[in-house]
Amino acid sequence: MLEQAQRILKEVFGYDAFRGNQAAIIERVARGGDALVLMPTGGGKSLCYQVPALLREGLAVVVSPLIALMEDQVATLDELGVPAVALNSTLSLDEQREIAERIRQGGIKLLYLAPERLVQPRMLAFLQRLPIGLFAIDEAHCVSQWGHDFRPEYLQLGQLAELFPQVPRIALTATADKRTREEIVQRLHLENAERFLSSFDRPNIFYRIVAKDQPRKQLLGFLAERRGDAGIVYCMSRKKVEELAAFLSEQGFPALPYHAGLSNELRTLHQKRFLNEEGLIMVATIAFGMGIDKPNVRFVAHLDLPKSLEAYYQETGRAGRDGLPADAWMAYGLQDVIFLKQMLNNSEGDERHKRIEQHKLDAMLALCEETRCRRQALLAYFDEELAKPCGHCDNCVDGVQTWDATEAARQALSAIYRSGQRYGVGHLVDILLGRDNDKVRGLGHQHLSVFGVGKAHGEGEWRTLFRQLVARGLADVDLDGYGGLRLNQGCRALLRGEVRLELRRDLKPQAPRPTASAASQLVRHDEREQWEALRTLRRRLAEEHSVPPYVIFPDATLLEMLRSRPRSLSEMARVNGVGARKLERYGEAFLEVLNRSAGAPKPVTDLRHELVSLARAGMTPAQIARQLDCTEKNVYSLLAEAIVRRQLTLEQALDLPEELLGEIHDAFLDGDGELPPVAALAEQFGERVPQGVLHCVRAALQTELDP
Ligand code: ADP
Ligand code: ZN
């Protein structure tokens with residue numbers, strides 16, 4: 001079973017090895033068992049049902065919540081030569097009828113459906129008359145009311161267990177928490193499902209959180225090293241989204257806005273452009289994201305604070321699905337804290353709900369002020385322990401300077417208290433620094449005992465300190481809208497001198513820092529030209545086929561081409577991500593670009609050598625013949641030769657149905673001793689089997705009999 005799966009992986013998908021739990025999951029489902037798969041974004045969930053779909057008899061039905069997502073998957077499978085379709089409301093009745101017919105005739109391996117469509121009585125009746133190989137329920141957390149993507153239609157998927165008791169079901173999600181997991185099991189009746197829980201670490205993402213100072217300038221600084229990369233910039237409000245998108249475009253960074261206030265058409269258009277074009281920046285509210293499967297999003301930047309670590313993890317997780325280096329960057333400041341706390345306070349809902357939300361926000365703030373490894377802290381929140389600091393986040397790379405802020409914090413708290421617990425940070429800092437201005441005078445605050453006691457620290461340091469006091473719950477923000485600070489119960493121990501306070505120092509924003517992220521250095525300087533040539537070709541092919549560029553080849557595959565410099569189709573076949581179908585379709589074109597821009601003449605390749613590699617890569621004799629520009633007959637005889645020389649096994653050379661192979665074997669082995677020549681069998685098989693096939697089978701038998 002696994003061997004077969006491995007072969008499909010190489011031949012169809014072009015990949016050399018399964019990742020993580022993939023092999024175990026595929027084996028479980030292919031053998032007919034249920035599975036619950038929890039895997040982070042980019043972990044490779046699709047293969048977990050696509051490979052079993054090809055291994056099992058019958059139709060695989062994939063439930064997916066979003067049309068865009070389905071279309072992306074169908075286009076990808078189409079490029080791989082796997083017959084897949086999506087039935088959705090955008091199709092005309094005629095088109096739907098035609099698809100139904102193809103399904104009935106067994107011409108389709110994977111059918112993508114929205115949940116509400118699947119559970120229509122007519123659809124269920126239709127499916128019950130067909131051989132079904134498996135059900136895959138993608139984004140399975142949508143069944144959970146606890147999570148943020150709840151979709152009532154998902155609840156109805158529970159009935160599949162009863163209606164199709166013999167059909168294995170696999171549910172997949174990138175949502176990690178225990179409660180959601182249990183809800184999936186219960187509501188989808190997956191009590192017998194084996195659970196596959198992967199690490200939720202995203203090792204290729206570099207995390208950085210900076211103190212917000214001049215956010216636009218900081219963002220430009222971040223983007224400057226990432227010109228030409230696609231990314232998402234999240235902002236809280238629609239207005240800010242619009243303004244920032246316009247600003248970035250002016251600054252020469254092509255950017256599009258996306259938020260719920262835009263018309264449907266415009267949103268769809270912008271989403272399509274983001275997927276299909278390269279190097280676009282999407283400036284968006286959190287309305288944008290779910291169902292964005294674009295694998296080469298190189299960065300996610302937050303200009304406003306997400307309201308929980310769940311949201312932060314999910315939003316940053318949209319970067320680097322392809323496994324190549326990516327960045328999660330965030331600028332955060334006191335205003336964010338104030339804003340979110342106000343939102344929370346004004347939100348509907350009972351006290352219990354508010355407490356939970358408050359708790360989630362506190363966890364988010366703690367990550368911002370974290371002094372240890374960010375990744376360790378983030379994963380710990382999801383109950384996952386990372387043994388060592390990761391070495392791939394700002395805290396690990398830059399180090400964190402902390403200082404004993406006990407005394408300063410006391411002064412700050414005292415300034416809040418003595419001025420009456422109603423003023424904002426600006427005024428409090430003026431008091432501490434002893435600034436004799438109109439407001440201070442007007443209020444008589446120059447007479448306070450704390451007036452001017454804080455001259456040991458600068459304005460920036462005081463602002464940081466106040467932010468940290470709020471983030472740590474030692475001071476509260478007055479939520480009426482003016483941002484005045486009050487003391488919180490939590491500060492008592494500190495005021496009484498019972499505890500000390502250790503805080504992180506903000507790095508000076510103007511200090512130049514080396515970028516630790518490798519995202520911008522994906523391609524070395526001397527490789528730029530060729531990289532662009534490859535991308536141009538990919539873009540052209542994508543346009544011709546009306547698919548996003550990454551459906552032709554993902555960046556990782558282009559990068560491997562660039563580095564391994566294949567000089568022939570057989571070498572090209574070895575590149576990860578180049579399967580038989582794509583090799584046939586695109587191999588030549590990419591080789592030409594590689595060899596042209598390398599300035600090297602294309603080497604004369606040995607036909608035999610080439611043929612062996614192509615066969616190993618899973619090409620059929622007809623495909624090989626086209627590729628090598630010779631006759632099929634010629635290919636068969638070369639294949640037979642290669643089998644005799646033991647360079648190929650029969651299975652590698654040809655894909656013969658078990659039964660037919662048995663029949664041919666019988667025919668050859670019927671006599672006694674010597675294998676009869678092919679000509680002797682030609683009549684028996686006639687038109688049904690090309691003579692070349694007989695030659696190959698004979699060659700294989702010969703090697704077996706003559707070890
Ligand atoms: P998920 O749905 O879990 O976010 P995908 O199924 O979209 O992840 O896979 C993410 C990327 O990783 C895709 O580009 C996919 O082709 C690639 N991928 C998945 N499995 C493998 C593998 N075994 N080897 C190489 N690439 C893989
Ligand atoms: Zn770290």
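Me: Why is H189 called partly exposed?
Reply: Its relative accessible area is 40%. Buried means under 20%, exposed means over 50%, and partly exposed lies in between (1.4 Å probe, protein chains only). H189 at 40% falls between those bounds, so partly exposed is the class.

Me: What kind of model is this, and how are its parts numbered?
Reply: This is a predicted model, in which local features need pLDDT of at least 70 and side-chain atom pairs count only at pLDDT 80 or more, while totals for chains, interfaces and linings use all residues. Residues are numbered from 1 along each chain as its sequence is written, chains are lettered from A and ligands numbered from 1 in the order in which they are written, and side-chain values use heavy atoms, with hydrogens and water left out.

Me: Where is H189, and what is its phi?
Reply: H189 sits in the loop between helix 9 (178-187) and strand 7 (194-197). Helices (H or I, at least four residues) and strands (E, at least two) are DSSP runs, numbered from the N terminus. The phi of H189 is near 55 degrees, a positive value in a residue other than glycine.

Me: What makes S546 exposed?
Reply: S546 has 65% relative accessibility, over the cut-off for exposed, so the label holds. S546 belongs to the loop between helix 23 (528-545) and helix 24 (549-552). Its phi, near 50 degrees, is also positive in a residue other than glycine.

Me: What makes S449 exposed?
Reply: The relative accessible area of S449 is 52%, which passes the exposed cut-off. S449 is in the loop between helix 20 (438-443) and helix 21 (459-471). The C-alpha atoms of S449 and E57 are 83 Å apart, with their positions 392 residues apart along the chain.

Me: How do you know which class L503 belongs to?
Reply: L503 has 1% relative accessibility, so it counts as buried. Strand 17 (residues 502-504) holds L503. From L503 to L448 the C-alpha separation is 26 Å, for 55 residues along the chain.

Me: What class does Q691 fall into, and why?
Reply: Q691 is partly exposed, because its relative accessibility is 43%. Q691 is part of helix 34 (residues 691-705). K633 is 58 residues away in sequence, yet the two C-alpha atoms are 8.4 Å apart.

Me: Why is the site of the zinc ion (ligand 2) called tetrahedral?
Reply: The angles among its four donor atoms run from 101 to 118 degrees. Four donors count as tetrahedral if all angles lie between 85 and 135 degrees; four count as square planar and six as octahedral if opposite donors are over 155 degrees apart and all others between 65 and 115; anything else is irregular. The range of 101 to 118 degrees fits the tetrahedral bounds, so the name applies.

Me: What makes C373, C390, C393 and C396 donors?
Reply: Their SG atoms coordinate the zinc ion (ligand 2) at 2.3 to 2.4 Å. Donors are N, O and S atoms within 2.8 Å of the metal (3.2 Å for Na, K and Ca), and sites may look incomplete because water is not among the atoms. The four SG atoms meet the 2.8 Å limit. Along the chain the donors follow C-x16-C-x2-C-x2-C. C393 is buried at 0%, whereas C390 is partly exposed at 24%.

Me: Why is helix 29 called largely enclosed?
Reply: Six of its eight residues are buried, so the rest of the structure largely encloses it. The buried ones are P621, Q623, I624, A625, Q627 and L628. Just after helix 29, D629 has a positive phi of about 60 degrees.

Me: What lines the second largest pocket?
Reply: There are 29 lining residues, with Q4, R7, I8, E11 and D655 nearest its centre. Helix 1 gives the most, six residues. By class, the lining has 16 nonpolar, six polar and seven charged residues. Domain 1 (2-197) and domain 5 (606-613 + 622-707) each supply at least three lining residues; domain bounds come from an automatic or database assignment.

Me: How far apart are the centres of domain 3 and domain 5?
Reply: They are 85 Å apart, taken over C-alpha atoms. The C-alpha trace of the protein chain spans about 115 × 60 × 50 Å along its principal axes.

Notes. On a 1 Å grid over the protein atoms alone, a cavity is a set of points where a 1.4 Å probe fits but cannot get out, and a pocket is an open set with protein on both sides within 12 Å along at least five of seven lines; lining residues have an atom within 4 Å of a point. Ala, Val, Leu, Ile, Met, Phe, Trp, Tyr, Cys and Pro count as nonpolar, Asp, Glu, Lys and Arg as charged, and the others, Gly among them, as polar.
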